[in-house]
Amino acid sequence: LTSHAAMRQSRRITHRALRASRGAGPARRDFHFASSAYVSCFGGLPIADGAKLRADTIAYLDRFDPQSWYNDPVTTLVNGERLEAGQLTTSVDAFGRENGKVRNGTTEEVDAVIRHAQTFDTKRDWRTEIRAVEAALLGEHAAALIGNQALDFSKQDGVTEIEESVQANLVEQRLNDQLLAAEEAGQVVICRSPALVACVSNFTNFLDLCRKTLRNIELGVPAVVLSRGNTTQHMYRWVQLLQTEMKKQGVDPGLVTYASCSLAEQQRIMAALPDSNVYITCSREVAARVKQVHPSTIASTGGPNTLCAPAMTPEITEAIKLSAMIENSGQCTALRHAVVGGGASENDLEHMFSAVPTIASPADALRTGSFAGVFTGERAAPFSLAEGYRSPAGAAG
C-alpha cells in the first residue's frame, strides 16, 4: 500500500474499533475545547519586545532593495529544489502595483508537486527541530516577516500580529503535544495527507506560517503552500526562510512544498489529494466555492463583527472609528455593524470619520504607531462611493 492508502485503511480500522467500543462508554480526549487539559495549555506565555520589533522592521524597510524580488523570482519548490521551467511574469501587491517576478509552474512541474505529495513519507515527530526553526523565524527573522508583509500587502501594524503569534503559538504547541500523545495512546489517528495551505495576506505570518504550516509539519504532516494571484511575494519569502532554517536543523526538506501555479493547476492538486485538508482564511463566498471543488476544506471566514452600545459616547465613537478603519478598513476583524442606543446622526458620523489619520506608506505607519490610517497617494484605495454614500468633509480621498 502507498502511505496514503495505508492511512485510509488505518482510519477505517480505527473507526470500526471505536464503534465497537462504544458500549464501554464515551472516549475521552483531554485536549478538547473547555476540558481541564485544554485550559492547562494557557498561562505562562511570553511577551515579545514590541519596541524592538518595530525598530528592526523600520530598519529592514529602509534598507530593502525592491530589485531583489525581481532577481529572485517566486517559483515552485519541491523537496528543497527550485523548479524553473515555467515562464516569468510580474507579481503585484495589494493595490495592483507591480513588485517583482513570479514563475508559474508548468504542467510537468505541477505533476512533480502532485507526485511528491502523494508519495512523500517521513517520521511523525519533528517537534524539537521545528520549534527551533520557529524560534529563529520569530526571533532573528521577525523583522523580515513583518517588513515583507508591509511591502506586499501594505499592512500597517504587523508588529502586533507577531506579538500575538508568539503567545498563541505556545498554546498551540501544547495542544499539539496532547494530540500526539493521544495518537501514541491509540485514541486518535492523525491523517498525514499533505495540508494544502491557501494563504491570507493580512495574517500570513501567524495563520499561514505558524498555525497552518508549522503546527502540521512538526507532527509529520507535510504542507503544500499555494501561491496567490496577488501579494504572493511575502508568503514565498517566509517559505524560503522556513526552508533555510529547516536545513540548519536537519529537517526533511520534503515537508514543505511551494506550488507557484495557476488557480486551475491548484485545483488539479486538490483533486489529486482528496484526503488532504485545504486550510483557507477568506470570505464565506470564497469558502463555499472552494468547498465545492474540495470538500475537505477548513475555512476561517468573516463574521458580522458587530458592536452594541447603549449610547454614542466619546469612547464608543473612538472605538467605532478605530475598529472600522483598522488596516485601511481591510482587516477581517474590522467593524461591519454598530448598534447604538439612541441612534447616530449624520453629524455623529461626520465628526467620527473626518479626523481619520492619513499615511503615505506602511513604514510611516510603523514610525507613528498607526494601525487605522487611510492610505493616500499611490496607495489610495481603488474604490468608488456607492449610491447614497458620501465622504466626510476633510477626509482623504
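1. Strand β8 is a good place to start in this predicted model. Val 278, Ile 280 and Cys 282 point one way from β8, while Tyr 279 and Thr 281 point the other way. That pattern has a familiar background: in a regular strand the side chains alternate between the two faces of the sheet. Here the residues on both sides are buried, and the count for β8 is 5 of 5 residues buried.

2. What does β8 pair with? On one side of the story is strand β5 (residues 195-198), which pairs with β8 in the parallel sense over 3 bridges. Within that pairing, Ala 198 stands opposite Ile 280. There is also β9, which runs parallel to β8 and is joined to it by 5 bridges. If you would like a residue pair to look up there, take Val 278 of β8, whose bridge partner in β9 is Thr 297.

3. β8 also helps to line an open space. The second largest pocket holds about 1,200 Å³ and has 49 lining residues. Cys 199, Val 200, Arg 228, Thr 281 and Cys 282 are the ones that lie nearest its centre. Thr 281 and Cys 282 were met above, pointing opposite ways from β8. At least two lining residues come from each of β3, α9, α11 (263-272), β8 (278-282), α12 (284-293) and β9 (297-301). By class, the lining has 20 nonpolar, 26 polar and 3 charged residues.

4. The model also has an enclosed space. A useful idea to keep in mind is that rolling a probe the size of a water molecule over the atoms shows where empty space is left. How many cavities of 30 Å³ or more does the structure hold? The count is 1, and the largest cavity has about 40 Å³ of space. Its lining consists of Val 113, His 116, Ala 117, Phe 120, Pro 194, Pro 222, Ala 223, Val 224, Gly 254, Leu 255 and Thr 257. Two elements, α5 (107-119) and β6 (223-226), give two or more residues to this lining, and α5 gives the most, with 3 residues. The lining of the largest cavity has 8 nonpolar and 3 polar residues, with no charged ones.

5. Next, please have a look at the hairpin of β3 and β4. Strand β3 (residues 88-92) and strand β4 (residues 98-103) run antiparallel and are joined by 5 bridges. One of the partnerships is between Ser 91 and Gly 100 of β4. There are 5 residues between the two strands, and Gly 96 in this hairpin takes a positive phi near 75 degrees.

6. Asn 99 deserves a point of its own. This residue sits in strand β4. Is Asn 99 buried or exposed? Asn 99 counts as buried because its relative accessibility is 12%, and the cut-off for buried is under 20%. The side chain of Asn 99 makes a polar contact of 2.7 Å with the side chain of Ser 91. Beyond residues up to four places away in sequence, Asn 99 touches Trp 69, Tyr 70, Ser 91, Val 92, Asp 93, Asp 152 and Gln 233.

7. Two more buried polar side chains are found in helices. Asn 205 belongs to helix α9 (residues 204-217) and has a relative accessibility of 1%, so it counts as buried. Its contacts, leaving out residues up to four places away in sequence, are Leu 145, Ile 146, Gln 149, Glu 161, Ile 162, Cys 210 and Trp 238. Gln 243 lies in helix α10 (residues 233-248) and is buried, with a relative accessible area of 16%. The side chain of Gln 243 reaches the backbone oxygen of Val 256 at 3.0 Å. Apart from neighbours within four places in sequence, Gln 243 is in contact with Leu 77, Gly 80, Pro 253 and Val 256.

8. Finally, a loop residue. Ala 48 is in the loop between α2 (36-39) and α3 (50-63). At 23% relative accessibility, Ala 48 is classed as partly exposed. Ala 48 and Thr 160 are 112 residues apart in sequence, with their C-alpha atoms 9.4 Å apart in space. Setting aside neighbours within four places in sequence, Ala 48 is in contact with Leu 53, Glu 163 and Val 166.

Technical notes:
Residues are numbered from 1 along each chain as its sequence is written. This is a predicted model: local features need pLDDT of at least 70, side-chain atom pairs count only at pLDDT 80 or more; totals for chains, interfaces and linings use all residues. Side-chain values use heavy atoms; hydrogens and water are left out. Two strands pair if DSSP finds at least two bridges between them. Helices (H or I, at least four residues) and strands (E, at least two) are DSSP runs, numbered from the N terminus. Buried means under 20% relative accessible area, exposed over 50%, partly exposed in between (1.4 Å probe, protein chains only). A polar contact is a pair of N or O atoms within 3.5 Å; within protein, one must be able to donate a hydrogen and the other to accept it, and residues adjacent in sequence count only if both atoms are side-chain atoms. Contact means heavy atoms within 4.5 Å. On a 1 Å grid over the protein atoms alone, a cavity is a set of points where a 1.4 Å probe fits but cannot get out, and a pocket is an open set with protein on both sides within 12 Å along at least five of seven lines; lining residues have an atom within 4 Å of a point. Grid points are joined across faces, edges and corners, and a volume is the space filled by probe spheres set on the points. Ala, Val, Leu, Ile, Met, Phe, Trp, Tyr, Cys and Pro count as nonpolar, Asp, Glu, Lys and Arg as charged, and the others, Gly among them, as polar.
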